[in-house]
Amino acid sequence: MDVTVIGSGPNGLAAAVICARAGLKVQVIEAQPTFGGGARSAADIEFPGVSHDVCSAVHPLAYASPFFAEFDLSTRGVGLAVPEISYANPLPGRPAAIAYRDLERTCAELDNGAAWRRFLGPLVSNTDAVVAFLLGDKRSVPRSLVPVARLGLRMLSQGTPAWAALHGDDARALFTGVAAHAITPLPSLASAGAGLMLSTLAHSVGWPIPVGGTQKISDALIADLRAHGGELTSGVHVDSPPEGVAVFDTAPTTLLRVYRDTIPARYAKSLQHYRFGAGAAKVDFVLNDEIPWSDPRLKHAPTLHLGGTRAEMAQAEADIAAGRHAQLPMVLGSSAHLADPGRIDADGHRPFWTYAHVPAGSTVDATEAVTAVVERFAPGFRDVVVAVRSVPAARMAEHNANYVGGDIAVGGASVFRATLGPTPRLNPWSTPIPGVYLCSAATPPGAGVHGMGGYYAARTLLRREFGIGDMPALGP
């Protein structure tokens with residue numbers, strides 16, 4: 001075997017696809033019984049006609065990621081439903097803030113739409129440059145300097161105490177809900193970068209939802225891998241060095257267990273000091289009716305940031321960073337059936353996907369906390385709930401070993417890590433262990449279903465291990 005990929009998340013599958021297309025013999029080994037890592041779906045145990053997304057549910061990068069843009073999910077039969085509303089942020093005692101795909105409609109409904117237009121308009125008109133920089137490897141001069149400079153200025157304004165420069169309480173909340181995806185204290189440069197990319201995509205390509213569930217994305221990658229001779233094995237834990245070149249779509253600390261005393265001492269010490277970030281507690285609901293939102297416009301919003309005001313979200317993120325459960329935790333929700341009606345079973349049951357930000361390693365069942373947060377903006381929500389499936393942060397690693405303590409980003413978000421990787425290296429996808437590479441969310445460009453960590457790892461190993469300088473074509 002030429003290349004062994006450990007872990008079958010989007011990055012691992014991307015690396016495997018690229019290596020197989022380059023003519024190498026490739027195998028993927030997955031510890032879980034099913035493939036896909038953070039991009040999996042599973043039927044509800046009581047209502048099998050209802051499918052839950054195991055981790056990721058909404059995919060702003062399914063069109064925009066350079067890897068997926070070339071791989072072309074749509075041509076491969078993956079339906080990507082793009083809703084009119086990209087995301088929404090309910091607010092206490094007033095109408096919600098809503099990000100439509102249409103930037104002008106968004107501005108028309110905000111208190112200070114001109115401020116939102118000035119803030120995001122220049123980035124939306126240069127979406128490709130924004131994505132190329134934020135998902136790039138940061139080791140070359142950007143082709144378009146002006147959009148990157150504008151992005152940098154906005155990161156500074158929203159990633160520092162100067163974030164009050166964005167006017168309008170509803171606009172501030174609308175941006176903060178997206179920035180909070182980084183699960184880091186607010187404001188921070190890492191959260192500002194994530195928020196700017198996702199907000200820009202909301203008004204350009206939209207926030208697509210895979211028809212039939214996130215698993216469809218993984219299945220398309222798996223089908224291409226098999227078509228090019230790749231092999232996949234599930235239900236196997238890797239505890240010793242695999243044959244050939246190895247690519248780990250895992251937490252970096254996995255290398256300590258697999259390579260033990262053969263790891264260079266300085267690198268082993270760095271891995272031993274690796275720090276994971278705050279956690280996410282997953283709560284999946286089965287509902288028998290639509291959620292009774294106080295703002296009726298939210299009945300058309302598939303993606304929701306349920307953190308309240310900017311001040312409330314900042315306090316919640318500060319609490320969990322300090323190891324405290326927030327009184328009003330940041331909750332992300334997705335009613336995927338609004339974009340994909342096929343998610344509703346014959347009896348009218350539909351999924352409601354959520355997770356709450358909690359302290360690392362929390363053992364608390366977040367069901368009541370999430371329910372209370374939803375009830376705050378949708379009184380009567382409890383009455384439409386017929387089943388709940390909860391996974392505390394401390395148990396998230398049982399579903400995906402990368403999520404240590406519930407950290408779905410596989411390491412605390414920071415600009416430093418997004419540039420230099422889990423340990424400072426000129427090439428963060430390489431390791432000092434001969435023939436061993438990393439490609440998980442712990443490597444640049446960080447968390448998200450974009451495949452770029454796998455792309456960069458594959459590019460590196462093809463050149464270093466096999467002398468292949470040209471990347472293979474990825475189209476169907």
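# A tour of side-chain contacts

Begin by selecting E368, which at 46% relative accessibility counts as partly exposed. Keep in mind throughout that this is a predicted model.

With E368 still highlighted, add R382, because the side chains of these two residues meet in a salt bridge with 2.6 Å from N to O, and E368 belongs to helix α14 while R382 belongs to the loop between α14 and β15, so the pair ties together parts that are 14 residues apart in sequence. R382, like its partner, is partly exposed, its relative accessibility being 41% against the 46% of E368.

Stay in that loop and move to F381, which lies between α14 (367–377) and β15 (385–391) and is paired with F285 of strand β11 (residues 279–287), so that two distant parts of the chain, 96 residues apart, are linked. The aromatic pair that F285 and F381 form is edge-to-face, with 5.2 Å from centre to centre and 80° between the planes. Are these two rings buried or exposed? F285 counts as buried at 0% relative accessibility, and F381 is likewise buried, with a relative accessible area of 0%.

Other rings deserve a visit, since the structure holds 13 aromatic pairs. Select F67 and F71 next: their ring centres are 5.7 Å apart and their planes are at 15°, so this pair is stacked. Both residues lie in helix α3 (residues 66–71), where they are four residues apart, about one turn of the helix. As a general point, an α-helix has 3.6 residues a turn, so residues three or four places apart point the same way. F67 counts as buried at 1% relative accessibility, and F71 is buried with a relative accessible area of 0%. If you now add F68, you will see a cluster in which ring pairs link F67, F68 and F71.

From F71, turn to R76, whose charged end sits over the ring of F71 at 3.6 Å from its centre. A further charge of this kind can be found by selecting R310, which lies over the face of W163, 3.8 Å from the ring centre.

Now colour helix α12 (residues 265–272) and pick out Y267, A268 and L271, which are its buried residues. These three cover an arc of only 100° around the axis, which puts them on the same side of α12. Which elements does this buried side pack against? The buried residues of α12 pack against α11 (254–259) and β16 (436–438). Rotate the view, and the face turned away from the buried side comes forward, carrying the exposed residues A265, R266, K269 and Q272.

The last stops return to charged side chains, for the structure holds 22 salt bridges. Select R94 and D111, whose closest N and O atoms are 3.0 Å apart in a salt bridge; R94 lies in strand β7 (residues 94–100) and D111 in the loop between α4 (103–109) and α5 (113–124), so the pair ties together parts that are 17 residues apart in sequence. R94 counts as partly exposed at 32% relative accessibility, whereas D111 counts as exposed at 55%.

Continue to E398 and R395, the side chains of which meet in a salt bridge of 3.2 Å, N to O. E398 counts as partly exposed at 47% relative accessibility, and R395 is partly exposed too, with a relative accessible area of 38%. To finish, select E84, R105, E109, D295 and R297 together, and you have a network joined by salt bridges that share partners.

Notes:
Residues are numbered from 1 along each chain as its sequence is written. This is a predicted model: local features need pLDDT of at least 70, side-chain atom pairs count only at pLDDT 80 or more; totals for chains, interfaces and linings use all residues. Side-chain values use heavy atoms; hydrogens and water are left out. Rings of Phe, Tyr and Trp (its six-membered ring) pair if their centres lie within 6.5 Å; planes under 30 degrees apart count as stacked, over 60 as edge-to-face and the rest as tilted. Buried means under 20% relative accessible area, exposed over 50%, partly exposed in between (1.4 Å probe, protein chains only). A charge sits over a ring if NZ of Lys or CZ of Arg is within 6 Å of the ring centre and within 35 degrees of the ring normal. The arc is that of the directions from the helix axis to the C-beta atoms. Contact means heavy atoms within 4.5 Å. A salt bridge is a side-chain nitrogen of Lys or Arg within 4 Å of a carboxyl oxygen of Asp or Glu.
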